[in-house]
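Me: I should like to work through this structure by question and answer, beginning with its strands and then turning to individual side chains.

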Amino acid sequence: MVMVMGVKVGDLVRVGPKVHQEGIPLNRTGIVIRHGGVVIDHFTKSECDTWFIQFTNGNTMKFHYMWLEIVRSA
């Protein structure tokens with residue numbers, strides 16, 4: 001699996017193993033359902049995308065693109 005900046009709606013993604021948040025299913029897999037907006041990365045001082053992911057357990061959560069691994073592109 002490769003971490004990619006080119007995340008888009010409809011992609012099947014997996015949240016990286018370094019993210020620990022209640023509600024993420026064990027398989028860490030879900031579908032990108034919409035863009036979550038742009039945030040400023042405090043380390044690089046650049047703009048970064050966030051995305052809403054609907055997981056296989058029904059939970060929807062928002063993540064910075066750097067934590068997403070594309071399993072299958074839409």
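Reply: Please proceed, bearing in mind that this is a predicted model.

Me: In what order do the five strands form the open sheet?

Reply: Strands of a sheet pair through backbone hydrogen bonds, either parallel or antiparallel. In this open sheet the pairing is antiparallel. The twist from one strand to the next averages 40°. The five strands follow the order β4-β3-β2-β1-β5.

Me: Which are the edge strands?

Reply: An edge strand here is one that pairs on one side only. That description applies to β5, residues 68–72, and to one other strand. The edge strands are therefore β4 and β5.

Me: Over how many bridges do β3 and β4 pair?

Reply: Strand β3 covers residues 47–55 and strand β4 covers residues 60–64. Among the bridge partners, Trp51 is matched with Phe63, and Gln54 with Thr60. The two strands run in the antiparallel sense, and the number of bridges is five.

Me: In the hairpin of β3 and β4, which residue takes a positive phi?

Reply: Four residues lie between the two strands of this hairpin. A phi near 95° is found for one residue of the hairpin, and that residue is Gly58.

Me: How are the rings of Phe55 and Phe63 arranged as a pair?

Reply: A search of the whole structure returns one aromatic pair. The ring centres of Phe55 and Phe63 are 5.9 Å apart, and the planes stand at 90°. Both Phe55 and Phe63 are buried. Because planes over 60 degrees apart count as edge-to-face, the pair of Phe55 and Phe63 is edge-to-face.

Me: Over the ring of which residue does the charged end of Arg34 sit?

Reply: The distance from the charged end of Arg34 to the centre of the ring is 3.9 Å. The ring belongs to Phe52.

Me: Is Asp11 buried or exposed?

Reply: Asp11 is found in the segment before β1, which spans 12–15. Leaving aside residues up to four places away in sequence, Asp11 touches several residues, including Gly30, Val32, Ile70 and Arg72. The relative accessibility of Asp11 is 0%, so Asp11 counts as buried.

Me: Which residue has its backbone nitrogen 2.7 Å from a polar atom of the side chain of Asp11?

Reply: The residues that Asp11 touches beyond four places in sequence include Ser73 and Ala74. The backbone nitrogen at 2.7 Å is that of Ala74.

Me: With which side chain does the side chain of His35 make a polar contact?

Reply: His35 is placed in strand β2, residues 29–40, and is partly exposed, with a relative accessible area of 35%. The side chain of His35 also reaches the backbone nitrogen of Gly37 at 3.2 Å. Residues touched by His35 beyond four places in sequence include Val9, Asp49 and Trp51. The side-chain partner, at 2.8 Å, is Asp49.

Me: What distance separates the C-alpha atoms of His35 and Trp67?

Reply: Along the chain, His35 and Trp67 are 32 residues apart. The separation of their C-alpha atoms is 15 Å.

Me: Which side chain does a polar contact of 3.2 Å join to that of Thr56?

Reply: Thr56 lies in the loop between β3 and β4 and is exposed, with a relative accessible area of 54%. Not counting residues up to four places away in sequence, Thr56 touches Pro25, Asn27 and Thr29. The side chain joined to Thr56 by the polar contact is that of Asn27.

Key:
Residues numbered from 1 in each chain as written. Predicted model: local features only at pLDDT ≥ 70, side-chain atom pairs only at ≥ 80, totals over all residues. Heavy atoms only, no water. Phe/Tyr/Trp six-rings, centres within 6.5 Å; stacked < 30°, edge-to-face > 60°. Buried < 20%, exposed > 50% of the residue type's maximum accessible area, 1.4 Å probe, protein only. Lys NZ or Arg CZ within 6 Å of the ring centre and 35° of its normal. Polar contact = N/O pair within 3.5 Å; in protein donor to acceptor, adjacent residues only side chain to side chain. Contact = heavy atoms within 4.5 Å. Axes fitted to C-alpha atoms, helices over the stretch in contact; angles between N-to-C directions.
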